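Here is a walk through one protein chain. Keep the sequence and the 3D view side by side as you read.

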Amino acid sequence: MQMALQNRDKTGLKKEDEKEKDVRSANIEAAIAVANIIKTSLGPRGLDKLIVRPKGDVLITNDGATILKELEATHPCAKMMVEMSKAQDVEAGDGTTSAVVVAGSLLHAVQTLLNKGIHTSTIVDAFILAKNKCLEILQGLSEKVDLSNTDTLVEAAQTSLSSKVVSQSSKLLAPLAVQAVKTLLADD
């Protein structure tokens, strides 16, 4: 009995539990730090970041993907955020900054819940419920798109081009993109 009490601190928690909490907290804080670095570069009023590279050359950008690419993250969780951004870029070609900022915000909420003493499995269960509700809402908001309705397809293409460098040419490029896709679909 006395041996079991030696491994506990004043609050009655096992010393290992405190170490686990510290590691978990440090991991969350590292990921949030990455999100905070690029958060201010998001959106049309996003601020530019001045990055000095190791060889001394200077880069000024407000592109989240570029900022994260230049970030020399050493912490494993910070690296994971950078890798998540790269995966988002590969999959969707856009939304890298938003994905990292959203992940950082979710992790901040997790940290708040953990500090209140809520168990990790309860938090995970709540996130799964929230994901399912989001999917249900999005499904309810979705609309079938008639592939023969060129105007709707052009509007969708223009919207997707609006955050890219080519946004000024979206009225020209959107119809071309729609025509190219329709041509490819007709060939199949």
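The paragraphs below go from the overall layout to the cores, then to the surface and the charged pairs.

Start with the status of what you see. This is a predicted model. The mean pLDDT of the chain is 87. Of its residues, 89% reach 70 or more. Confidence varies from element to element. Helix α6, residues 120–141, has the highest mean pLDDT of the elements, at 97. Helix α1, residues 2–6, has the lowest, at 49. Over residues 1–5 the pLDDT falls below 50. That stretch makes zero contacts in the model beyond near neighbours in sequence.

Now take the layout. The chain has eight helices and two strands. Follow the sequence and the pattern reads α-α-β-β-α-α-α-α-α-α. There are 188 residues in the chain, and buried ones make up 21% of them. The chain exposes about 13800 Å². Carbon and sulfur atoms supply 59% of that area. Contacts also reach along the sequence. Take those between residues at least 6 apart: 42% of them join residues at least 24 apart.

Next, look inside. Which residues have the most contacts inside the largest nonpolar core? They are V34, I38, L68, M81 and V100. The core itself has 15 residues. Helices α2 (15–39), α3 (64–70), α4 (76–92) and α5 each supply at least two of them. The largest share comes from α2, which gives four residues. V34 shows how parts of the chain meet. Set aside its neighbours within four places in sequence, and V34 is in contact with L68, L71, A78, M81 and V100. Three of those names, L68, M81 and V100, also appear among the residues with the most contacts inside the core.

There is also a second core, separate from the first one described. This second core has six residues, including L153, V154, L161 and V178.

Stay with the buried positions a moment longer. T96 sits in helix α5, which covers residues 96–115. Is T96 buried or exposed? Its relative accessibility is 6%, so T96 counts as buried. The cut-off for buried is under 20%. Which residues does T96 touch, leaving aside its neighbours within four places in sequence? They are G64, A65, S85, Q88 and D89.

Turn to the surface. L50, V52, V58 and I60 form a nonpolar patch there. Together they have about 400 Å² of accessible area. Two elements give two or more residues each to the patch: β1 (49–52) and β2 (58–61). V52 is one of the patch residues, and its place is in strand β1. V52 counts as exposed because its relative accessibility is 54%. The cut-off for exposed is over 50%.

Last come the charges. Side chains of opposite charge can pair when their charged atoms come close. A search of the whole structure finds four salt bridges.

One of them joins the side chains of R53 and D57, at 3.3 Å from N to O. R53 has 28% relative accessibility, so it counts as partly exposed. D57 is partly exposed too, with a relative accessible area of 35%. This pair belongs to something wider. R53, D57 and E70 are linked in a network of salt bridges.

Another bridge joins E83 and K86, at 3.4 Å from N to O. Both residues lie in helix α4. They are three residues apart, about one turn of the helix. E83 is partly exposed, at 46% relative accessibility. K86 is partly exposed as well, with a relative accessible area of 40%.

A salt bridge in helix α6 has a similar spacing. E136 and K133 both lie in that helix, three residues apart, about one turn. Their side chains meet at 3.2 Å, N to O. How accessible are the two partners? E136 counts as exposed, since its relative accessibility is 52%. K133 is partly exposed, with a relative accessible area of 43%.

Note on methods: Residues numbered from 1 in each chain as written. Predicted model: local features only at pLDDT ≥ 70, side-chain atom pairs only at ≥ 80, totals over all residues. Heavy atoms only, no water. Patch = residues over 30% accessible without salt bridge, like charges linked within 9 Å, V, L, I, M, F, W, Y side chains within 5 Å. Areas by Shrake-Rupley, 256 points an atom, 1.4 Å probe, with all protein chains shown as cover. Buried < 20%, exposed > 50% of the residue type's maximum accessible area, 1.4 Å probe, protein only. Contact = heavy atoms within 4.5 Å. Core = buried A, V, L, I, M, F, W, Y, C linked by side-chain atoms within 4.5 Å. pLDDT = per-residue confidence, 0-100.
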